[in-house]
Amino acid sequence: MTGKATAVARANIALAKYWGKSDETLNLPAVPSVSMTLAPMRTETVVTLEPKLEHDVFELDGARASDKESARVAVMLAEIRDEARDHTHAHVASRNFFPTAGGLASSASGFAALASAARSAYGLPRDDRRASILARRASASAARSIFGGWVELPAGARGDDSLAAYPLFGEDHWDLRLVVAVITEGRKDVSSRDGMGISRRTSPYYDAWVEQSPRIAGTIREGLSKRDLAMLGHATEQSFTAMHALAFASSPFTLYFQPGSLAALSTVRRLRDVQGISVFATMDAGPHVKALCHAGDVEHVAEALAQTTGVLRTIVADPGPGVELE
Ligand code: ADP
Ligand code: DP6
């Protein structure tokens with residue numbers, strides 16, 4: 001029998017950031033994170049079992065993937081094969097409908113789509129919790145992309161391989177928008193994985209970050225629950241500024257900002273402080289600035305960011321659904 005399945009997953013953006021691991025072997029986060037799933041940032045992955053293959057084959061964006069990228073896919077497939085007790089190898093074809101490896105979380109949507117499609121192709125019943133655990137092992141932020149809307153991944157206790165994300169609120173809970181101000185089109189310099197490892201090992205602020213993160217995540221959860229953008233937004237800014245401060249203070253210093261990032265952050269502050277628009281910024285392990293605002297303000301915010309020096313273009317995202325499986 002030849003199994004085949006297709007899954008579509010979306011990238012997500014963390015409002016409360018995951019940065020630092022409690023267990024590197026099991027890939028468990030040291031802090032809780034809370035994210036928004038992004039409707040337009042789609043990955044589609046097709047997994048086909050092929051009895052003639054002697055090893056897994058991975059095609060990304062229409063070309064054979066690198067050995068490193070293929071190895072990450074093969075590790076997940078091996079775990080699924082063990083559970084399914086089926087040792088057939090698979091052909092995986094995936095396409096990201098936004099830039100790959102550019103700081104826009106293609107790894108999150110990519111591993112969420114792969115976990116779901118591969119489980120289904122190997123005949124396992126749909127189980128989003130198990131798919132989230134698999135995705136988390138590959139890349140912890142991917143655990144959140146299994147679910148739609150607003151999603152939490154708790155901190156993991158060392159040795160606890162059962163950690164999965166879960167949805168806090170559905171995609172219709174609140175009509176917010178995220179505007180991505182794209183600063184570069186290239187691949188990022190220091191991966192999240194490397195950056196957070198350097199922070200954990202060398203930053204003098206790491207312990208304070210781990211201690212303070214649950215409180216920040218709690219305020220973010222409360223802001224979401226009350227649909228209070230000021231509460232949500234200030235805590236979102238605290239999470240990203242604390243994350244970048246500890247990364248910057250590590251040795252060697254890890255700096256994701258570029259001149260365009262600073263200009264875009266100034267634009268967000270000006271929109272808020274001078275024009276009275278409720279808009280808040282966040283950044284990940286790359287130079288892009290992401291601005292969170294009400295749907296009614298999104299055109300104005302996107303226009304102001306698009307006109308900012310150093311911003312190449314903008315992408316507007318609304319809250320998106322969880323994994324869709326065919
Ligand atoms: P990003 O910010 O886009 O997540 P990363 O450098 O963190 O950038 O992750 C990119 C890596 O994630 C790729 O090199 C590849 O290993 C993996 N990846 C990206 N897209 C996919 C996909 N669709 N399927 C499987 N793996 C993917
Ligand atoms: C800044 O999930 O990419 O985007 O688990 O090592 O693969 P690994 O790291 P990854 O880190 C994401 C870091 C972040 C914040 C976040 O998404 O929570």
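**View 1. The buried residues of helix α4 in this predicted model.** Let us start with helix α4, which runs over residues 192-202. Its buried residues are Gly195, Met196, Gly197, Ile198 and Ser199. What lies over them? The cover includes the strand β2 (21-23) together with the helices α5 and α6.

**View 2. Histidine 244 and its neighbours in helix α6.** Helix α6, which is part of the cover over the buried residues of α4, spans residues 229-248 and contains histidine 244. The relative accessible area of histidine 244 is 7%, and because buried means under 20%, this residue counts as buried. Leaving aside residues up to four places away in sequence, histidine 244 touches Tyr256, Phe257, Met283 and Asp284.

**View 3. The largest cavity and its lining.** Searching the whole structure turns up one cavity of 30 Å³ or more, and the space in the largest cavity is about 30 Å³. Which residues should you look for around the largest cavity? They are Ala16, Lys17, Pro32, Trp209, Ser213, Ile216, Ala217 and Ser239. Sorted by class, this lining has five nonpolar residues, two polar ones and one charged one. Helix α5 (residues 206-225) provides the largest share of the lining, with four residues. Domain 1 (4-171) and domain 2 (176-317) each supply at least three residues to the lining of this cavity.

**View 4. Domain 1 and domain 2 side by side.** Here the view widens to the domains of the chain. The domain assignment gives domain 1 as residues 4-171 and domain 2 as residues 176-317. Taken over C-alpha atoms, their centres are 23 Å apart. How many residues of each domain are in contact with the other? In domain 1 there are 33 such residues, and in domain 2 there are 44.

**View 5. Helix α2 and the glycine that follows.** Our last stop is helix α2, made up of the 16 residues 106-121. From its first C-alpha to its last, α2 reaches 22 Å, close to the 22 Å expected at 1.5 Å a residue. Why can α2 be called largely enclosed by the rest of the structure? Because 14 of its 16 residues are buried. Just beyond the helix, look for glycine 123, which follows α2 and has a positive phi, near 80°.

Methods:
Residues are numbered from 1 along each chain as its sequence is written. Chains are lettered from A and ligands numbered from 1 in the order in which they are written. This is a predicted model: local features need pLDDT of at least 70, side-chain atom pairs count only at pLDDT 80 or more; totals for chains, interfaces and linings use all residues. Side-chain values use heavy atoms; hydrogens and water are left out. On a 1 Å grid over the protein atoms alone, a cavity is a set of points where a 1.4 Å probe fits but cannot get out, and a pocket is an open set with protein on both sides within 12 Å along at least five of seven lines; lining residues have an atom within 4 Å of a point. Grid points are joined across faces, edges and corners, and a volume is the space filled by probe spheres set on the points. Helices (H or I, at least four residues) and strands (E, at least two) are DSSP runs, numbered from the N terminus. Ala, Val, Leu, Ile, Met, Phe, Trp, Tyr, Cys and Pro count as nonpolar, Asp, Glu, Lys and Arg as charged, and the others, Gly among them, as polar. Domain bounds come from an automatic or database domain assignment. The expected span of a helix is 1.5 Å times one less than its number of residues. Buried means under 20% relative accessible area, exposed over 50%, partly exposed in between (1.4 Å probe, protein chains only). Contact means heavy atoms within 4.5 Å.
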